[in-house]
Amino acid sequence: MKLLVCGGAGFIGSNFVRQRVTDHGDQVVVLDALTYAGRPENLEGLGVTLVHGEIQNAEKVAEAIGDGVDAIVNFAAETHVDRSISGPDAFVETNVRGSLVLLEAAREREVKRYVQISTDEVYGSIEEGSFTEESPIVPSSPYSASKAGGDLLVQSYLHTYGLETVIARGSNNYGPYQYPEKLIPLMVLNALHDDKLPVYGDGLNVRNWLYVEDFGRGISHILAHGVAGEVYNVGGPDESTNIEVVKGILKHTGKDESLIEYVTDRPGHDRRYSLGSEKVRALGWSAQVRFEEGLEKTVAWYRDNAAWWEPIRSGEFREYYERHYGRALG
Ligand code: NAD
Ligand code: DAU
């Protein structure tokens with residue numbers, strides 16, 4: 001299959017590209033703006049074509065589609081909730097307008113399949129039970145609102161133009177190549193450096209953890225078997241409070257709980273996410289990696305891959321960290 005993967009130099013996108021090349025033998029073109037989160041080294045050795053450009057740039061999208069692709073899978077997005085609170089503009093630009101430009105190109109070029117990668121955060125927070133694909137869209141942050149906007153545009157292209165779209169909504173991913181602004185890699189690297197571990201609020205917010213390779217396999221099932229116009233939730237097998245996650249990381253890094261520091265809560269912080277995944281299971285998918293095993297593998301990957309994170313920790317991330325947390329990294 002010839003695939004255009006937008007945002008394929010980021011965390012989930014690059015793990016997905018690796019699976020498509022190694023497990024499916026696909027020919028892959030990646031279109032990526034290479035923002036702070038997009039790293040060409042994530043694609044090293046995979047033999048993919050990388051087009052450097054934004055999804056909201058119609059000319060770059062046309063260049064990436066070239067003489068045609070069988071499907072477009074769109075991961076490209078601004079993804080960090082905290083950054084969306086301090087600077088929402090880029091989120092609307094990429095997640096809403098970028099999705100529109102891509103959809104327009106897919107329609108014009110009569111691309112057979114368009115897969116939009118979305119998030120459980122579009123459903124908002126849930127105290128008990130789990131979201132289904134029929135749950136109302138009630139996003140709470142500028143990030144999730146912009147992802148919901150992208151999803152609504154995707155659905156409009158099915159209804160109005162008959163473009164064969166599907167949406168995959170994942171829960172919290174973790175694993176190799178995740179930028180260290182996100183909870184798990186941030187806490188792993190801080191623990192390895194004996195920096196404080198900044199836990200927001202009371203640490204009792206709950207996330208539904210999904211190993212990144214499981215999400216990739218779910219997306220491949222949806223790409224191959226998903227019914228046009230449908231949404232598929234892809235949730236992880238386990239839920240955990242943030243403080244349990246942090247204590248697990250301290251155990252795997254052999255560090256002391258005195259490193260934990262409770263800090264001011266994130267504004268509008270969603271309390272709990274939980275996704276029901278019966279619909280994607282009916283397509284033959286199930287998660288293979290339980291959280292305990294995945295967390296241990298992830299900690300080991302960061303411990304063994306300093307060459308990947310060292311340039312990040314000494315570059316843009318360091319400035320971001322100081323601005324956001326009001327303290328220096330060690
Ligand atoms: P990431 O931040 O690691 O990567 C995003 C990628 O998109 C980067 O390579 C970046 O350079 C690229 N990008 C950003 N703006 C772009 C633009 N305008 N044009 C082209 N490329 C652009 O993100 P991630 O965690 O890998 O998330 C990928 C997708 O999955 C996103 O759509 C996100 O909303 C969704 N998602 C993420 C999670 C999660 O837990 N990380 C869970 C569910 C869904
Ligand atoms: O649910 C899917 C979403 O998961 C994706 O759509 C987003 O792109 C992704 O960023 C993620 O959003 P979260 O806000 O859940 O992830 P984050 O890693 O930022 O935070 C996870 C939890 O940890 C959340 O409750 C906030 C808390 N947290 C986070 C950071 C960065 C802390 O307590 N301290 C921190 O320093």
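# Close-ups of a predicted model and its two ligands

**Figure 1. Polar contacts around ligand 2.** An N or O atom in the side chain of R266 sits 2.6 Å from an oxygen atom of ligand 2. Keep in mind for every view here that this is a predicted model. D120 joins in too: an N or O atom of its side chain is 2.5 Å from an oxygen atom of ligand 2. Look also for T119, where a polar side-chain atom is 2.7 Å from an oxygen atom of the ligand 2 molecule. How much of the 690 Å² of accessible area that ligand 2 has on its own does the protein cover? The protein covers 95% of that area.

**Figure 2. Who surrounds ligand 2.** Here we step back from single contacts to the whole shell. There are 24 residues around ligand 2, and those that come nearest are D120, Y143, N172, R266 and Y325. Two of these names should ring a bell: D120 has the 2.5 Å pair with ligand 2, and R266 has the 2.6 Å pair. Which elements give two or more residues to this shell? They are helix α6, covering 183–192, and strand β8, covering 197–200. Sorted by class, the shell around ligand 2 holds 10 nonpolar, eight polar and six charged residues.

**Figure 3. Polar contacts around ligand 1.** Now swing over to the other ligand. Two of the pairs use the protein backbone: a backbone N or O atom of F11 lies 3.1 Å from an oxygen atom of ligand 1, and a polar backbone atom of T35 is likewise 3.1 Å from an oxygen atom of ligand 1. T94 uses its side chain instead, with a polar atom 3.0 Å from a nitrogen atom of ligand 1. On its own, ligand 1 would expose 830 Å², but the protein buries 96% of that.

**Figure 4. Who surrounds ligand 1.** The shell here counts 29 residues, with I12, D32, T79, Y143 and K147 coming nearest. Spot the familiar face: Y143 is also among the nearest residues around ligand 2. Three elements each bring at least two residues to the ligand 1 shell: α1 (11–24), β5 (113–119) and α5 (142–161). Which of the elements gives the most to this shell? That's β5, with three residues. As for chemistry, the ligand 1 shell splits into 12 nonpolar, 14 polar and three charged residues.

**Figure 5. R20, an arginine tucked away.** R20 belongs to helix α1, one of the elements that supply residues to the ligand 1 shell. Is R20 buried or exposed? Its relative accessibility is 6%, so it falls under the 20% limit and counts as buried. The R20 side chain makes a polar contact of 2.8 Å with the side chain of S220. S220 has company: beyond its neighbours within four places in sequence, R20 also contacts M1, L3, G25, D26, V28 and L223.

**Figure 6. D151 on helix α5.** D151 sits in helix α5. Why call it buried? Its relative accessible area is 1%, so it comes in under the 20% limit. Setting aside residues up to four places away in sequence, D151 touches Q116, S118, V122, I167 and R169.

**Figure 7. H269 in a loop.** Find H269 in the loop between β12 (260–263) and α9 (278–281). A loop residue can still be covered: H269 is buried, with a relative accessible area of 15%. Its side chain has a 2.6 Å polar contact with the side chain of D265. Leaving aside neighbours within four places in sequence, H269 is in contact with Y200, N205, R207 and N242. Try tracing the chain from S125 to H269: they are 144 residues apart along it, yet their C-alpha atoms are separated by 8.9 Å.

**Figure 8. Zooming out for context.** The chain has 12 helices and 12 strands. Its radius of gyration is 19 Å, close to the 20 Å that the globule rule gives for 330 residues, so the chain is as compact as a globular protein of that length. The C-alpha trace spans about 55 × 40 × 35 Å along its principal axes, and 57% of the 330 residues are buried. Among contacts between residues at least 6 apart in sequence, 79% join residues at least 24 apart. Over the outside, the chain exposes about 13300 Å², with carbon and sulfur atoms supplying 48% of it.

Definitions and conventions
Residues numbered from 1 in each chain as written. Chains lettered and ligands numbered in written order. Predicted model: local features only at pLDDT ≥ 70, side-chain atom pairs only at ≥ 80, totals over all residues. Heavy atoms only, no water. Near = heavy atom within 4 Å. Polar contact = N/O pair within 3.5 Å; in protein donor to acceptor, adjacent residues only side chain to side chain. Areas by Shrake-Rupley, 256 points an atom, 1.4 Å probe, with all protein chains shown as cover. Helix = DSSP H or I, 4+ residues; strand = E, 2+ residues; numbered from the N terminus. Nonpolar A, V, L, I, M, F, W, Y, C, P; charged D, E, K, R; others polar. Buried < 20%, exposed > 50% of the residue type's maximum accessible area, 1.4 Å probe, protein only. Contact = heavy atoms within 4.5 Å. Rg over C-alpha atoms; globule rule 2.2 N^0.38 Å.
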